[in-house]
Amino acid sequence: MTTTPTTAFAALADPTRSTIVDLLARRGELTAGEIGAEFPSSASAVSQHLKVLREAALVTVEKRAQQRVYRLDAAALAAVEGWLSARARQWNARMDKLAAHIEKTRDEGEL
């Protein structure tokens, strides 16, 4: 399963899901129970958040005996980061052009 920037951002827009991603980034693999213990919400609610992250291909899950172990999907996160970097370069170039135009206009006394 691959992620798209839109899907990834939609999944990460929720504070609980972005916190789960932060937890996995800091601590590595975690079981569903360990993730759930970090939140006051029910195990069912946390499970729904994990499902959204799986469907967005931001995390992977591995069943080990009676546990489900979650980890970040580094390739999916790298793809999202690459997309963000490209957008940042585009906007920085546009802002540089705007700044140059404003400066030129100001120098010519039109502002």
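How many positive and negative side chains does the chain have, and how far apart do the centres of the two sets lie? There are 15 positive and 14 negative ones, with the two centres 8 Å apart. Here Lys and Arg count as positive and Asp and Glu as negative, leaving out His and the chain ends; each charge is placed at NZ of Lys, CZ of Arg, CG of Asp or CD of Glu.

A word on the source: this is a predicted model, where local features need pLDDT of at least 70, side-chain atom pairs count only at pLDDT 80 or more, and totals for chains, interfaces and linings use all residues. Numbering starts from 1 along each chain as its sequence is written, and side-chain values use heavy atoms, without hydrogens and water.

On to the fold. The elements run α-α-β-α-α-β-β-α from the N terminus, as DSSP runs (helices: H or I, at least four residues; strands: E, at least two). The C-alpha trace spans about 75 × 30 × 20 Å along its principal axes.

Now the largest nonpolar core, a set of buried (under 20% relative accessible area, 1.4 Å probe, protein chains only) Ala, Val, Leu, Ile, Met, Phe, Trp, Tyr and Cys residues joined through side-chain atoms within 4.5 Å. Among its 19 residues, Ile 20, Leu 24, Ile 35, Leu 53 and Leu 58 touch the most other members. These elements each give two or more residues to this core:

| Element | Residues |
|---|---|
| helix H1 | 5–12 |
| helix H2 | 15–27 |
| helix H4 | 43–55 |
| strand S3 | 67–72 |
| helix H5 | 74–107 |

H2 provides the largest share, four residues.

Definitions and conventions:
Buried means under 20% relative accessible area, exposed over 50%, partly exposed in between (1.4 Å probe, protein chains only).
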